Amino acid sequence: MRRIAMYLATVVALTVAVTSGQQPPAAGGFTAAQAVDGRAAYEGTCAGCHMPDLRGNNEAPALAGVSFLNTWRTRPARELTEYIQKAMPPGGPPLTVDQALAISAYILQANGGRSGGQALTLTSTAAIGTLAGGQAPSAPQGDDAAPAAAGGAAPRRAPGLTFTGDVPNFVPVTDAMLRNPPPGDWLMVRRNYQAGSHSPLAEITPANVGRLRLAWVWAMNEGGQSEPSPLVHDGIIYLINTGNIVQALNARTGELIWEHQVGPVGPSTMRNIAIYQDKVFVATSDARLVALEARTGRLVWDVPLTARNKGFSNSSGPIVIRGKVIQGLTGCARFQEDRCYISAYDAQTGKQIWKFHTIAHRGERGGDTWGDVADMFRKGGETWITGSYDPDLDLTFWGVAQAKPWVAASRNMKTSDRVLYTSTTVALRPDTGELAWFYQHAPGESLDLDEVYERVLVDVGPRKFVFTIGKPGILWRLDRTTGEFAGFKETVFQNIFDRIDLESGVPRYRAEIMGAKVGEWVSSCPSTEGGHNWHATSHHPGAGLLIIPLAQSCMEIAGRKVEFAEGSGGTQGDRKFFEMPGTNGNIGKLAAYDVNTLREVWSVEQRAPFLTAALSTAGGLVFAGDLDRYFHAYDVRTGKEIWKIRLGTSVQGFPVSFSVGGKQYIAVSTGLGGGSPRNVPRTIAPDVRHPQSGNALYVFTLDE
């Protein structure tokens, strides 16, 4: 078995004070010009993951502050440059030596380093701790000055509406349409409230899919992590681009109708937007919620989801339920008083109606599950995948991500501390945010194996179930009325749990994981790529199947020692990745499971990982795309591949199907970025190559 290790530095939140008596950094480790060039290079290639203020985000380490210096203080500056030049950006074109040196200079400056007349070079032997003091200058110092560490590189102001036009004969989207979407529309992420990722259109079938031809292609904004889910309403596509750019396109011709650059400008991730009545709703990468007029793209309102400069963000958009825009929150790893929550807003005014905190504090329900850890240091609990909704039960279902830091020992905790409501399904009442029930899938999660992904609602006879699958690759089935455990299925090899109770579903970590101390390496299958990640499951009601994109890789992980002080925190884990045993190097897996028995009906395994959601159709097909640029069509009942086409770069995002004038179309995006599902294969499957640009939307239909 090939085994290629990948080192990822710890992730910590930005900013802390310089310790008493610390000597100021020496000047002259880099030039002012290098820092200026480095800032520009950083904003173009690094800020999408590490954030514009260098504070880091989830798997991308913070590049300023005490925890960064704790890792790099005694190491020479050339080592930082060499690491940046060889490993960054993940999945992107390699940086030149000069670019890496410039970015290193900018990082030194953001940590309090002072420029001088001597350039930073690959022969520089000075330790980083002698060149950077851990705190950026409090005020600008000439033309080369970086922003203060607490603020970082300020994102550029967005220009707003950049292309004007009107959607002809616009028809408002009603509550009834969201509850029962017109067959030819795709009105929300995963198409319907039940998160089925299934189209009722049946014109394209196994018999004629070979006649699919490209109707048009639309080049999208480059940079960032492109993972979009287009919306389609009445022949108009509403498309979110990286950089918080929203566009309206004619779905038949690809002609641009309007474009609004909501901002902030710069690399970012956004998976979906929402539409309701006469508005399109966008959750931005700097944690704002914005309403645009769907007909013209004009701004209606713009409200913050939380206080600015707190480090929060978003990568997925909202769901709209009876006039309430319900949105999650990410960027919740920094030690501070604020914590993560799900919140609801009035669709007409943007006024906040309620919020539900996903991290329990002392004195609250679940607050005793964090041991004796103070409230400020209880972190994580992001809700970075949009929830689903059952109109009959009037409940909305959301997955909550893991606790931070990743490893229990780094949190000064044990895996027996449940840390609610992390790694949990929560069922909320959409009018009030009241918690109806919860089910925790991985109490005391300690390996960065999220359970945050889609909740798919399926009725099996008289039973109402919610299905979900997270990074451990375990398909969970719960009663969605009560939250009662109703079964599970292991979809890929896993060795993290040595037992899952058949009555309660409560898993038990193997002893090595439970006993791991700070700095101790433990192995884990799957890895943080996840047995399943953000690529959504599809439910085909006619076949009674869940079709799930899966991945097969493993890792070793070790937690780091964390400073428990305001402004610290982060994910704080080192990892090494390797191929999953018994897979013959096949990282990608697409498999179908019977909703009644949870039995695996068929599977497809290949070297390249699948990087799109699964899209099934009433015509008997399931579509999925992969890292190796292929977009595939399979027979939904057998898994037999019937058609494929190779596109410009890796196929990534959420495919959709729609109709215009009675003609069925299939749309899929190509894109770069994408987090662990890209970074891990880049390490263990470097033979799978693709162009380093090419974010685009491709639209297919049957030839005449």
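**Helices 4 and 5**

I began with how helix 4 and helix 5 cross, and found that helix 4 passes helix 5 in a right-handed crossing. I was working on a predicted model throughout. I noted helix 5 as residues 97-110, with its axis coming within 9 Å of the axis of helix 4 and a crossing angle of roughly 125 degrees. That makes helix 4 oblique to helix 5, because the range for roughly perpendicular ends at 115 degrees and roughly antiparallel starts over 145.

I then listed the residues at this crossing. From helix 4, I have Leu80, Thr81, Ile84 and Gln85. They meet Val97, Ala100, Leu101, Ile103, Ser104 and Ile107 of helix 5.

Which residues of helix 4 are buried? For helix 4, residues 77-87, I wrote down Ala77, Leu80, Thr81, Ile84 and Ala87. They lie on the same side of helix 4, because the arc they cover around the axis is only 165 degrees. I added a reminder for myself: an α-helix has 3.6 residues a turn, so residues three or four places apart point the same way. Leu80, Thr81 and Ile84 are on the buried list, and I also have Leu80, Thr81 and Ile84 among the residues that meet helix 5.

**Helices 1 and 5**

I looked next at helix 1, residues 32-45, against helix 5. I recorded an angle of about 100 degrees and axes 7 Å apart. That makes helix 1 roughly perpendicular to helix 5, since 65 to 115 degrees is the range for that word.

On the helix 1 side I listed Gln34, Ala35, Asp37, Gly38, Arg39, Ala41, Tyr42 and Thr45. On the helix 5 side I listed Leu101, Ala102, Ile103, Ala105, Tyr106 and Gln109. Leu101 and Ile103 of helix 5 meet helix 1, and I had already entered Leu101 and Ile103 as meeting helix 4.

**Histidine 441**

Where is histidine 441? I placed histidine 441 in the loop between strand 23 (435-440) and strand 24 (456-460). Histidine 441 has a relative accessible area of 0%, so I entered it as buried; the cut-off is under 20%.

I checked its side chain for a polar partner and found the side chain of threonine 425, at 2.8 Å. Setting aside neighbours within four places in sequence, I listed the contacts of histidine 441 as Ser423, Thr424, Thr425, Glu451, Arg455, Thr468, Trp476, Leu478 and Pro507.

**Cis peptide bonds**

I noted a cis peptide bond from glycine 263 to proline 264, with omega near 5 degrees. Proline 264 sits in the loop between strand 9 and strand 10. I noted another cis bond from leucine 420 to tyrosine 421, with omega near 5 degrees. Tyrosine 421 belongs to the loop between strand 21 (403-404) and strand 22 (424-428).

**Positive phi**

I found aspartate 394 with a positive phi of about 55 degrees, although it is not a glycine. I located aspartate 394 between strand 19 (388-390) and strand 20 (395-400), in the loop. Its relative accessible area is 22%, so I put aspartate 394 down as partly exposed.

Glutamine 572, also not a glycine, has a positive phi near 55 degrees. I found glutamine 572 in the loop between strand 33 (553-559) and strand 34 (573-579). Is glutamine 572 buried or exposed? I entered glutamine 572 as buried, because its relative accessible area is 3%.

**Helix 9**

I came back to strand 33 and strand 34 when I looked at helix 9, since both are included in what covers its buried residues. How many residues of helix 9 are buried? I have 8 of its 9, over residues 676-684, and so I marked the helix as mostly covered. The buried ones are Ser676, Pro677, Arg678, Asn679, Val680, Pro681, Thr683 and Ile684.

**Two further loop positions**

I looked up serine 268 in the loop between strand 9 (256-261) and strand 10 (274-276). With a relative accessible area of 3%, serine 268 is buried. I took its C-alpha separation from valine 456 as 27 Å, with the two positions 188 residues apart along the chain.

I found glycine 210 in the loop between strand 4 (198-199) and strand 5 (212-219). Glycine 210 counts as partly exposed because its relative accessibility is 45%. From methionine 188, glycine 210 is 22 residues away in sequence and 28 Å away in space, C-alpha to C-alpha.

Definitions and conventions:
Residues numbered from 1 in each chain as written. Predicted model: local features only at pLDDT ≥ 70, side-chain atom pairs only at ≥ 80, totals over all residues. Heavy atoms only, no water. Helix = DSSP H or I, 4+ residues; strand = E, 2+ residues; numbered from the N terminus. Buried < 20%, exposed > 50% of the residue type's maximum accessible area, 1.4 Å probe, protein only. Polar contact = N/O pair within 3.5 Å; in protein donor to acceptor, adjacent residues only side chain to side chain. Contact = heavy atoms within 4.5 Å. Arc of directions from axis to C-beta. Axes fitted to C-alpha atoms, helices over the stretch in contact; angles between N-to-C directions. Parallel < 35°, antiparallel > 145°, perpendicular 65-115°, else oblique. Left-handed = near helix turned anticlockwise from the far one by under 90°.
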